[in-house]
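This report describes selected features of one protein chain. It takes the central sheet, the aromatic pairs and a few backbone angles in turn.

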Amino acid sequence: MRELDYVITNPLGVHARPAAQLAQTCVSFKSQVTLTCNGKTASAGNVLDILGLHAKNGDNIKVTVEGPDEDDALEAVDKVLHEKFEEHAAVSVLKIAFFGTKDYDRTFFDQLSQEVGENTYNCDIHYFAARLTDETVALAKGYDAVCIFVNDDCDGSIVRALKDNGVRLILLRCAGFNNVDLKAAKECGITVLRVPAYSPYAVAEHAMALIQAANRHIHKAYNKVRDNNFALSGLMGVDLHNKVAGIMGTGKIGQCMARICKGYGMTVIGWDAYPNQKLVDEGLLTYGTKEEVLSKADLISLHAPLIMGEGGTYHLIDKAAIDLMKDDAMLVNTARGPLIDTEALIDALKAGKFHAVALDVYEGEDPNVYTDHSSDPLPHSVTARLTMFPNLILTSHQAFFTREAMQAIAVVTMENARNFNEGRDLGNAEVKYTG
């Protein structure tokens with residue numbers, strides 16, 4: 001165990017920005033890092049816990065680190081405490097229109113935007129429950145920036161309307177940016193910033209949980225037991241051990257999924273437009289062509305970005321791709337809905353093609369994402385058509401939804417806003433038109 005004492009010298013104490021930076025640093029280590037101040041103890045990986053200490057200028061914070069990488073963790077914490085708590089000159093407050101607000105968004109963003117001035121995020125956020133659409137874009141008038149999510153509309157006409165309303169920045173609180181017309185943004189001089197990565201573990205873990213639930217019929221078993229039906233008929237699954245996992249897209253999330261599959265004792269093969277030789281060298285996976293992966297894999301997990309146009313990934317899984325798969329294959333998608341041709345998938349499910357299908361995203365989901373339709377009939381909905389299949393499990397675009405991921409999304413989004421406002425380097429958060 002290692003310990004460190006630090007006396008707070010910043011006039012604002014442990015305020016939102018340094019607390020956020022400290023939390024993001026600590027979640028990347030295996031060691032447990034705790035902070036003690038004025039008789040209170042907080043997990044250093046939780047920004048809300050840190051802010052709950054109410055540590056003021058002059059207070060002493062004791063940092064305790066225990067675990068396999070405690071030396072590295074203590075060094076990183078010490079660096080944050082001495083660098084991120086320094087004061088900098090303030091600039092004008094950035095006014096942000098936040099669309100599609102949910103209560104869990106406010107949990108983090110409220111805390112991070114509560115102060116203005118030197119060394120703060122210096123943002124004034126106004127929350128709107130409505131999504132950004134052509135009908136709601138007028139709400140952005142007078143704001144410097146809009147903050148949007150994957151289910152907001154930001155096509156060319158909306159981008160141009162944002163410019164007319166005075167908006168200079170589009171903040172995406174997600175990694176995907178296919179809902180933004182980047183060409184129009186460039187023409188309008190609007191900067192687009194995203195969260196390149198938040199928690200690849202969250203998405204990969206959900207992918208495995210989801211496909212295992214479908215494989216072992218957990219959803220059916222749960223309902224049967226609630227009806228006092230303990231029969232095992234219709235619940236038979238298959239071992240994943242010694243099966244072949246096909247990972248389509250081997251970026252950060254795909255790599256996490258590959259490691260999970262490896263832990264199950266599976267043989268992992270990958271497909272990617274840009275193969276990563278390091279993954280081959282470490283023995284994690286081997287690469288094959290798309291056709292080889294589709295035909296050999298027992299479990300196919302999609303982690304590729306959605307790229308439109310010729311040579312892109314739109315309808316990566318179409319009828320031809322499904323025909324190449326084994327008749328008892330398992331398919332899981334936690335990436336982007338249009339990677340799968342929904343009509344082709346439904347036809348294959350009708351024909352009994354798959355052992356199990358698990359979807360956190362699907363083509364045609366947009367009207368339903370993050371909304372409550374529990375009292376609404378959906379007779380012609382693609383959702384209703386998909387849920388009629390007993391070997392398919394559907395969740396509502398929630399793979400990212402963990403505390404660690406939400407914290408990272410909020411922190412990185414606020415850092416992006418600050419960097420833009422202060423003219424700092426935007427790094428790989430900036431999304432540029434490359435056509």
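In what order do the five strands of the open sheet run, and is the pairing parallel or antiparallel? The order is 6-5-7-8-9, and the pairing is parallel. The model is a predicted one. At the edges are strand 6 (123-127) and strand 9 (191-193), each of which pairs on one side only. From one strand to the next, the twist averages 20°. Helix 15 (residues 403-421) packs on this sheet and touches strand 5, strand 6, strand 7, strand 8 (169-172) and strand 9. The direction of helix 15 makes about 160° with that of strand 8.

**Strand 7 and its surroundings**

Three bridges join strand 5 (residues 94-98) to strand 7 (residues 145-148) in the parallel sense. One residue of strand 7 is A145, which is the bridge partner of I96. Is A145 buried or exposed? Its relative accessibility is 0%, so A145 counts as buried. Leaving aside residues up to four places away in sequence, A145 touches L94, K95, I96, A97, V167, L169 and L171. By contrast, S43 lies 32 Å from A145, C-alpha to C-alpha, with their positions 102 residues apart in sequence. K95, one of the residues that A145 touches, also lies over the face of Y143, at 5.6 Å from the ring centre.

Helix 5 (residues 156-164) has G156, I158, V159, A161 and L162 buried. The cover over these buried residues includes strand 7, strand 8 and helix 6 (182-188). Just after helix 5 comes G166, with a positive phi of about 95°.

**Aromatic pairs**

How many aromatic pairs does the structure hold? There are seven. A pair of aromatic rings is described by the distance of the centres and the angle of the planes. For F99 and F128 the centres are 5.4 Å apart and the planes are at 25°, so this pair is stacked. F99 is in the loop between strand 5 and helix 4 (103-112), and F128 is in the loop between strand 6 and strand 7, so the pair ties together parts 29 residues apart in sequence. Both F99 and F128 are buried.

Y104 and F401 form an edge-to-face pair, with 4.6 Å centre to centre and 65° between the planes. This pair links distant parts of the chain, 297 residues apart: Y104 is in helix 4, while F401 is in the loop between strand 16 (392-394) and helix 15. Y104 is partly exposed, with a relative accessible area of 23%; F401 is also partly exposed, at 40%. Ring pairs link Y104 and F401 with F149 and F400 into a cluster.

**Positive phi outside glycine**

Which residues other than glycine have a positive phi? N38 is one of them, at about 55°, and H217 is another, with phi near 55°. The table gives their places in the chain and their exposure.

| Residue | Location | Relative accessible area |
|---|---|---|
| N38 | loop between strand 2 (32-37) and strand 3 (40-43) | 51%, exposed |
| H217 | loop between helix 7 (200-215) and helix 8 (218-226) | 8%, buried |

Both residues sit in loops. N38 is exposed because its relative accessible area of 51% is over 50%. H217 is buried because its 8% is under 20%.

Methods. Residues numbered from 1 in each chain as written. Predicted model: local features only at pLDDT ≥ 70, side-chain atom pairs only at ≥ 80, totals over all residues. Heavy atoms only, no water. Pairing = 2+ DSSP bridges. Helix = DSSP H or I, 4+ residues; strand = E, 2+ residues; numbered from the N terminus. Axes fitted to C-alpha atoms, helices over the stretch in contact; angles between N-to-C directions. Contact = heavy atoms within 4.5 Å. Buried < 20%, exposed > 50% of the residue type's maximum accessible area, 1.4 Å probe, protein only. Phe/Tyr/Trp six-rings, centres within 6.5 Å; stacked < 30°, edge-to-face > 60°. Lys NZ or Arg CZ within 6 Å of the ring centre and 35° of its normal.
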